[in-house]
Amino acid sequence: MDSVNSEVWEGNSEVVEGEQAPPAASRADPPFLARITRPLAARLPGPLGQGALAFALYLGVFVIGFGLPLARHLNQPNLRQYWTDVQFYAWSLRWWPYAVSHGVNPLFSSQIGAPHGYSLAWASTAPSVDLLMWPVTAAFGVLVSYNVVLLLVPPVSAWAAFVLARRLTGRFWPSLLAGAVYGFCPYELMHNWQGQPNLTVTGLFPLMAYLVLRWWDGTLGRTWFVVWLTLAMAVQFYTFNEAFAEMTAVWTGALVAGFAVAGRPARWKVARLAGLAGLAYAGSVLLAAPYLIYSFRHYQAGLTRQQPAFSLPLVRLILPASQHLFGFGPLINYSNRIGDGGIENYVGIPLIVIMLALAAWAWRNRISLLLLAVFLFVIALAVGPNLVVTTVRHVHPLPWAGLWSLPVARSAEPSRFIVFGVLALAVALALWLAAPSSSRPLLAARWCLGLLAVAAVITDTPTSYSAVQPVPPGYPLQSIGHPVNRLPAFLTDGMYRRYLRPGEIVVVLTGRGNAGMLFQADAGFYFRIAGGYINASLTPVNALPHPVTLLAHPSAAAIRMFDSYARSAGLGAIIVEQAWEAPWMDLGKLGMRGMTAGGVTIYPMRPWLAREARTGQPRRHSMPGTLS
């Protein structure tokens with residue numbers, strides 16, 4: 001049963017209980033779409049069937065248009081192997097099942113940062129995703145599980161927005177396009193391309209709004225509404241606690257805006273909605289209490305991201321990346337001049353025009369006014385404490401900047417609020433396209449603008465999740481141009497069991513970012529690693545202990561510091577990945593003896609430390625070494 005039909009365009013319109021859904025093909029669809037939709041509606045008469053069709057379409061478009069490199073190499077690491085985030089999230093997929101099955105605290109890991117370990121209380125491990133994917137990870141390995149997540153997340157987000165839009169409009173095609181805007185927007189696809197599921201698992205937000213519609217029209221009782229909303233909010237917390245905090249602010253603003261724009265008869269209902277949502281929120285906080293208590297007990301100073309670089313540059317709402325400006329020289333030069341900051345926040349002029357036109361054309365309609373109010377509120381949050389119009393060189397502090405000094409707020413990135421703005425714009429697009437019209441030229445014009453809005457959003461995204469990786473300067477030529485950055489046979493063939501003891505502490509040297517955590521996850525935590533990257537505010541961005549990095553420019557003092565560190569940390573071996581080896585990683589030049597096996601060189605530390613103990617002097621870095 002769908003909620004809203006053409007009555008949404010009338011003033012003071014409210015959902016009528018028992019209202020029947022309009023046909024999937026109606027006068028709100030252009031003739032060419034109506035001809036396609038009628039047979040589909042005959043075969044898929046209900047919302048469930050159309051939802052399944054929508055998801056299949058989203059998945060097919062995403063896999064074919066973007067994700068074929070991932071689909072073809074499911075058991076290989078693909079994305080941004082020179083970066084650190086992707087390996088951390090792959091590691092997380094293995095960590096949470098490991099912690100739960102071994103009965104250890106999942107918010108602290110002694111497997112990384114050895115021997116002392118790292119707190120994960122303020123790291124975005126996305127436990128809901130990690131536990132949901134547990135069967136896939138156990139059956140096929142962490143790499144397959146991670147790549148499947150990357151392939152599924154945007155289509156699932158798009159499907160969730162489709163469900164919301166179809167409940168609101170009862171139309172298939174407008175809802176399909178609305179879902180595409182939300183699931184395939186630059187924010188979603190760029191962060192997915194960067195391998196960050198904590199930022200891209202956004203399907204719960206439209207589903208929460210869907211629950212509100214169901215309660216509003218009387219098809220979902222208050223008890224089940226509170227139960228389902230509680231679970232949705234709790235799962236969102238365990239997906240990304242920063243997004244949960246952002247959701248809190250948006251829920252508050254939306255309820256206030258809803259009360260303001262509602263007609264007098266509906267305000268009591270909005271107040272009841274606020275009360276039920278408050279109960280659900282309290283229930284979700286109760287479910288999140290173990291995590292919250294531990295996190296605040298282990299709060300770490302320095303978790304602040306309130307620099308202008310994390311604010312939303314307003315110009316990026318309408319200005320795409322320079323490569324998507326279709327050859328317009330002046331705009332390309334301007335886009336390049338202001339830099340890449342905020343390019344994931346692009347929504348495009350057509351969508352904003354639709355939002356404004358919707359509010360102006362149907363100004364008496366409560367839903368359109370609510371969407372506009374929520375969108376403006378979200379933008380006010382996304383700019384953060386500093387108004388940035390073009391670049392961080394032109395910053396204007398805002399009156400509410402002090403709010404961003406609160407403990408949770410100061411560790412958040414304000415620009416991430418844009419995901420809620422995209423959702424408001426997607427729903428506005430669905431209403432815009434679903435509106436009935438007696439004028440075919442006007443209807444055609446509306447659809448042309450709507451299709452242009454979708455095209456403007458989708459074209460400003462990565463064109464492919466290519467498996468060919470760029471390599472930073474100074475790193476190995478042997479890794480450039482490889483179709484996939486395969487893991488060394490040392491891992492895939494289980495050779496590490498012959499060279500390392502269970503639980504041995506190792507350092508992994510490689511140009512592959514944060515490779516130690518990826519190697520450890522693939523090996524099922526057979527060995528511990530010194531170092532590892534979990535958060536730019538908490539751990540070194542190169543994921544290596546500082547004394548190890550000193551070996552890149554060895555001196556007597558540097559070697560003494562490394563020697564002291566290796567002894568105190570109980571370092572058992574250094575592993576160098578040959579395909580990503582930089583010249584300084586040839587530790588034979590320092591007098592260490594290495595063993596080559598399965599694409600890596602293993603330098604056992606026991607002979608080195610014993611020799612240093614006998615001589616009492618560090619080896620000179622110019623001494624020749626041999627690699628066996």
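## Sheet, helix packing and aromatic pairs in a predicted model

An open sheet of five strands, with mixed pairing, follows the order β6-β5-β7-β9-β8. The edges are held by β6 (528-529) and β8 (595-597); each has a single partner strand, so one side of each is left without a neighbour in the sheet. The model described here is predicted.

**The sheet in detail**

Strands of a sheet pair through backbone hydrogen bonds, either parallel or antiparallel. Strand β7 covers residues 571-577 and pairs with strand β9, residues 600-604, in the antiparallel sense over five bridges. Two of the residue partnerships can be named: Ala-573 has Pro-604 of β9 as its bridge partner, and Ile-575 has Ile-602 of β9. Strand β7 is also joined to strand β5 (residues 505-509) by five bridges, and here the strands run parallel. In that pairing, Ile-505 stands opposite Leu-571 of β7. Strand β7 is largely enclosed by the rest of the structure, because seven of its seven residues are buried.

**The chain as a whole**

The secondary structure of the chain comprises 25 helices and nine strands. Of its 628 residues, 56% count as buried. Among contacts between residues at least 6 apart in sequence, 75% join residues at least 24 apart.

The structure contains zero disulfides. Two cysteines illustrate contrasting settings: Cys-185 counts as buried at 3% relative accessibility, whereas Cys-448 is exposed, with a relative accessible area of 54%.

**Packing of α13 against α14**

Two packed helices are described by the angle between their axes and the distance between the axes. For helix α13 (residues 264-287) and helix α14 (residues 289-297), the axes come within 5 Å and cross at roughly 65°. On the α13 side the contact is made by Val-285, Leu-286 and Leu-287, and on the α14 side by Ala-289, Pro-290 and Leu-292. By class, this contact of α13 with α14 has six nonpolar residues, no polar residues and no charged residues.

**Aromatic pairs**

A pair of aromatic rings is described by the distance of the centres and the angle of the planes. The structure holds 29 aromatic pairs. The table gives two of them.

| Pair | Centre to centre | Angle between planes | Arrangement |
|---|---|---|---|
| Phe-237 and Phe-244 | 5.3 Å | 90° | edge-to-face |
| Trp-361 and Trp-432 | 6.0 Å | 75° | edge-to-face |

The Trp-361 and Trp-432 pair links distant parts of the chain: Trp-361 belongs to helix α16 (residues 349-361) and Trp-432 to helix α18 (residues 418-434), 71 residues apart. Trp-361 is partly exposed, with a relative accessible area of 43%, while Trp-432 is buried, with a value of 9%. In the phenylalanine pair, Phe-237 is buried with a relative accessible area of 5%, and Phe-244 is buried with 6%.

Ring pairs also link a cluster made up of Phe-88, Tyr-89, Trp-91, Trp-95, Tyr-98 and Phe-525.

**Two buried residues and their contacts**

Helix α18, which carries Trp-432, also contains Ile-418. At 0% relative accessibility, Ile-418 counts as buried, the cut-off being under 20%. Leaving aside neighbours within four places in sequence, Ile-418 is in contact with Tyr-187, Leu-317, Asn-345, Val-378, Ile-379 and Ala-382. The C-alpha atoms of Ile-418 and Val-347 are separated by 9.2 Å, although these residues are 71 residues apart along the chain.

Thr-202 lies in a loop, between α9 (197-200) and α10 (204-216). Despite this loop position, Thr-202 is buried, with a relative accessible area of 3%. Not counting residues up to four places away in sequence, Thr-202 touches Ser-157, Tyr-182, Glu-188 and Val-419.

Notes:
Residues numbered from 1 in each chain as written. Predicted model: local features only at pLDDT ≥ 70, side-chain atom pairs only at ≥ 80, totals over all residues. Heavy atoms only, no water. Pairing = 2+ DSSP bridges. Helix = DSSP H or I, 4+ residues; strand = E, 2+ residues; numbered from the N terminus. Buried < 20%, exposed > 50% of the residue type's maximum accessible area, 1.4 Å probe, protein only. Contact = heavy atoms within 4.5 Å. Disulfide = S-S within 2.5 Å. Axes fitted to C-alpha atoms, helices over the stretch in contact; angles between N-to-C directions. Nonpolar A, V, L, I, M, F, W, Y, C, P; charged D, E, K, R; others polar. Phe/Tyr/Trp six-rings, centres within 6.5 Å; stacked < 30°, edge-to-face > 60°.
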